[in-house]
Amino acid sequence: MAPQGMTEAALTGFRQQLTGDALTSGDPGYDEARAVHNAMIDRRPSVIAQCETEADVARSIRFGRENDLEIAVRGGGHSVAGMSLSDGGIVVDLRRMHTVIVNPESRAARVGGGATMSHLDRATQPYDLATTGGRASTTGVGGFTLGGGSGWLERKFGLACDNLLAVELVTADGSTVHASEDENQELFWALHGGGGNFGVATAITLKLHELPAMSMIMLLFRPDSGPEVLRAYRDFVESAPDEVGGGCIYLTGPPEEFVPEDLVGKLVCAVLITYAGTESEARMVAAPMLELAHAAEMIAELPYAELQCMLDDPAGMRNYWSAEYLDALPDKAVDAFCARSSTMIVPSGTQHVLFPLGGAAADGPAHYPLPWRGSPWVVHPFGTWESPADDERGKQWVRDVRADVQPWSNGAVYLNFIGQEGDERVVAGVGGDNYARLAAVKAQYDPDNVFRLNHNIKPA
């Protein structure tokens, strides 16, 4: 039966046109298809278009507009703010479009719009190639990259969008455009941080880099050692090579073999060092941190695709995230960061994260709309818990973290790290000087603001 406001004939015709499937309430698989990573989000679209081809995407956009349906776009990943769903609208669902084609000779990968990092990393791993990906295998490649793309390898290989070679985009009128350095250059510029404002990315092409070895070091400390540990980590990173990534993370001690029993389920302070190289090289570089007295350690050389899975947070939890980008990390900032760990929800999946930028991330093209790339430090309160009863406590903790480090914040923010925090934060995410230019691109490709379920840039 067609949803209200839509004729049965229109829905039947749409279904017949699609290579994929169009689900409505009551259809088998509808509830599974509308479930998102964040359990706080519970929305009921009129239609979920499970697209399999670029033509499916174009038909879905036209159908949505013809039937006055709000259009949401679902790539492969998290959409923690729930922007990939619309109550009563149509979801253009790309998750079946996850093919990754690797060209080892040109060191490039063509990635379907619904692919996750796991799809990409496992396709490139056999060739000892990789590019900067999100810090979890479940992150969607498309939204991640078009929003800027910050990950473990950014200090070595730059941000994800720095490695963007081309984008295939279906625009608001259902037409297809190709954007690259040589074609539709202004649109290509806008896709380096402007996210999904300009159309639906059905495929992106990314530059790959040689990565024959990857290593990680995880050190666990009791929480009262946090300030000392974080100061040592800060000093270590300032002289560390670009191969080093990672961060300091307060988290709940996991039930892993290397974790002492008395720390399982309790607050711990962790140092994660990722290293684009061998274990022996990682140990040598990380010697100052390894010399600190710690309660547990795990050190391993492992495929990059496996490292990407290690901090995956499970779907179906309640999520609330944010971030602040800092110009400096003096001792007072360290103390403020560490003190806030005491009000985290423990046990839970919540992570109180601080990590460095720098290296190739800071040295990348300065003209892209990414005002945060030059920040040396990032505070990322990553709230995730099980019970709805903890919602207010979890959200307040995230807000408190931001307030604590506000004296050292430069105000810029990576939009992929936050939910809906208002228009001012969107401007902060792309930069005030860039916003008008992005709005002009938006007016050219989406003058009616069809793609508005995002960190929205309004056409002007």
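Helix α1 (residues 8-17) and helix α3 (residues 54-66) bring their axes within 10 Å of each other, crossing at roughly 165°. Keep in mind that this is a predicted model. Besides that helix pair, there's an open sheet of 5 strands to look at, plus strand β2 (residues 47-50), with its buried residues and its pairings with β1 and β4.

**The α1/α3 helix pair**

- Two packed helices are usefully described by the angle between their axes and the distance between the axes.
- Angles over 145 degrees count as roughly antiparallel, and α1 and α3 are therefore roughly antiparallel to each other.
- As for handedness, the crossing of α1 past α3 is right-handed.
- On the α1 side, the contact is made by Ala-10, Leu-11, Phe-14 and Gln-17.
- From α3, the residues making the contact are Asp-56, Arg-59, Ser-60 and Phe-63.
- Sorted by class, that α1/α3 contact comes out as 4 nonpolar, 2 polar and 2 charged residues.

**The open sheet**

- Read across, the 5 strands go β5-β6-β10-β8-β9, and their pairing is antiparallel.
- The edges belong to β5 (100-103) and β9 (176-180); each has a single partner strand, so one side of each is left without a neighbour in the sheet.
- On average, neighbouring strands here are turned by 15° against each other, direction ignored.
- At the β9 edge, strand β8 (residues 164-170) pairs with β9 in the antiparallel sense over 5 bridges.
- If you want a spot to find that pairing on screen, try Val-170, whose bridge partner in β9 is Thr-176.
- Helix α4 (residues 117-124) lies across β5, β6 (108-112) and β10 (200-207). Its direction is at about 30° to β5.

**Strand β2 and its partners**

- Val-47 and Ala-49 point one way from β2, while Ile-48 and Gln-50 point the other way.
- Whichever way they point, all of these β2 residues are buried, Gln-50 included.
- Strand β1 (residues 21-23) pairs with β2 in the antiparallel sense, over 3 bridges. Within that pairing, Ala-22 stands opposite Ala-49 of β2.
- With strand β4 (residues 90-93), β2 pairs in the parallel sense, over 4 bridges. Here Ile-48 has Val-91 of β4 as its bridge partner.
- So that you can keep the two apart: β1 goes with β2 antiparallel, and β4 goes with β2 parallel.

Technical notes: Residues are numbered from 1 along each chain as its sequence is written. This is a predicted model: local features need pLDDT of at least 70, side-chain atom pairs count only at pLDDT 80 or more; totals for chains, interfaces and linings use all residues. Side-chain values use heavy atoms; hydrogens and water are left out. Two strands pair if DSSP finds at least two bridges between them. Axes are lines fitted to C-alpha atoms, for helices over the stretch in contact, and angles run from 0 to 180 degrees between N-to-C directions. Contact means heavy atoms within 4.5 Å. Angles under 35 degrees count as roughly parallel, over 145 as roughly antiparallel, 65 to 115 as roughly perpendicular and the rest as oblique. A crossing is left-handed if the near helix is turned anticlockwise from the far one by less than a right angle, and right-handed if clockwise. Ala, Val, Leu, Ile, Met, Phe, Trp, Tyr, Cys and Pro count as nonpolar, Asp, Glu, Lys and Arg as charged, and the others, Gly among them, as polar. Buried means under 20% relative accessible area, exposed over 50%, partly exposed in between (1.4 Å probe, protein chains only).
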